[in-house]
Amino acid sequence: MGVERILRGVLNYRHSVQKLFQYELRDIKSHPNPSAVFISCMDARLFPNDFTLTKAGDMYVMRNAGNMAPPDELGRGATAAGVELGCIHNDIKDVIICGHSDCKAMALLWKLRDTIDTQRPDALSEWVRKYGRSSLKHYLAERDAQPMKFRSPIEGQSISAHIDPDKRYQPHDQLSQVHCLQQMINLTTYPFLSERLLQRRVRLSAMWFDVDSADVYMFSRATERFLVICEDNIEKLLPEPL
Ligand SMILES: [Zn+2]
């Protein structure tokens with residue numbers, strides 16, 4: 001297993017779909033038309049191209065532990081650079097943050113709740129503590145508020161949200177949904193996005209994947225909650241045209 005499995009996969013790819021893929025890539029190069037920048041957790045069960053039925057050329061996908069999109073004041077790292085590449089250099093209009101249930105990074109963040117202000121020697125704890133801290137503090141302060149408020153420095157970008165109104169999820173799953181919305185707010189602190197957000201030339205969204213049901217949720221600003229993406233909800237979830 002391990003890399004052997006990956007190598008055998010590449011061999012099978014060479015014998016099966018490589019030629020077709022080569023033609024697709026040529027077509028993408030001459031007609032690039034990516035739809036979104038998609039920022040998700042790196043969890044092995046979360047496969048954005050699978051549950052959105054997208055393929056090469058459709059999305060810029062960035063993944064990290066806990067789908068972090070740090071605010072501008074914490075330094076411009078991989079997420080800010082990737083969003084700039086997508087939205088500014090390639091004029092992509094949609095940025096989607098995607099979290100999921102049973103997220104190990106969010107479970108760790110929840111576990112650190114009593115010592116969140118203490119620096120950590122190990123990389124994952126420090127990563128989660130540093131970039132998840134604002135989500136945790138927000139959740140702890142407002143978890144009983146209905147709705148929770150997420151304030152953005154950009155007009156029209158603040159969010160009100162009823163998190164898990166049916167009380168179906170564990171605290172770390174509720175925290176994960178709060179965290180997705182907090183990352184949307186973090187994106188609004190990027191100076192290179194502010195004008196596009198104000199002029200509604202860029203749109204921010206949050207999705208959430210339930211690893212038990214494999215259902216995909218999207219946050220609805222109109223109903224102020226995550227709704228499962230299905231035929232009954234699609235009208236409420238389709239955003240206004242940009
Ligand atoms: Zn995760």
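Domain bounds here come from an automatic or database domain assignment. With that said, the chain is divided into domain 1, residues 1-31, and domain 2, residues 33-237. One caution before we go on: this is a predicted model.

Let's start with the two domains. Their centres, taken over C-alpha atoms, are 30 Å apart. Five residues from domain 1 and four residues from domain 2 make the contact. How much area do domain 1 and domain 2 bury between them? About 260 Å². Of that, 68% is on carbon and sulfur atoms. Now look at the domain 1 side. Glu24, Ile28 and His31 lose the most area to domain 2. Together they account for 82% of what that side buries.

Next, the sheet. Six strands form it, and it is open. Read across, the order is S2-S1-S3-S6-S7-S8. The pairing is mixed. Which strands stand at the edges? Strand S2, residues 59-64, and strand S8, residues 225-228. Each has a single partner strand, so one side of each has no neighbour in the sheet. From one strand to the next, the twist averages 25 degrees.

Let's zoom in on one pair. Strand S1 covers residues 36-41, and strand S3 covers residues 94-100. The two run parallel, joined by four bridges. Ser40 has its bridge partner in S3, and that partner is Cys98. Keep both names in mind. They come back.

Ser40 comes back at Asn64. Asn64 is found in strand S2. Is Asn64 buried or exposed? Buried, because its relative accessible area is 13%, and the cut-off for buried is under 20%. Leaving aside residues up to four places away in sequence, Asn64 touches Ser40, Cys41, Met42, Thr79 and Trp127.

Cys98 comes back with the cysteines. How many disulfides does a search of the whole structure find? Zero. Take Cys180. Its closest cysteine sulfur is in Cys98, 6.6 Å away. That is too far for a bond, because a disulfide needs the two sulfur atoms within 2.5 Å. Cys230 is in no disulfide either. For Cys230, the nearest cysteine sulfur is again that of Cys98, at 17 Å.

What about exposure for these two? Cys180 has 0% relative accessibility, so it counts as buried. Cys230 has 29%, so it counts as partly exposed.

To recap, then. Two domains, 1-31 and 33-237. One open sheet of six strands, with mixed pairing. Zero disulfides in the whole structure. Thanks, that's my tour.

Key: Residues are numbered from 1 along each chain as its sequence is written. This is a predicted model: local features need pLDDT of at least 70, side-chain atom pairs count only at pLDDT 80 or more; totals for chains, interfaces and linings use all residues. Side-chain values use heavy atoms; hydrogens and water are left out. Buried means under 20% relative accessible area, exposed over 50%, partly exposed in between (1.4 Å probe, protein chains only). Two strands pair if DSSP finds at least two bridges between them. Axes are lines fitted to C-alpha atoms, for helices over the stretch in contact, and angles run from 0 to 180 degrees between N-to-C directions. Contact means heavy atoms within 4.5 Å. Buried area is the accessible area (1.4 Å probe) that two parts lose on being put together, summed over both.
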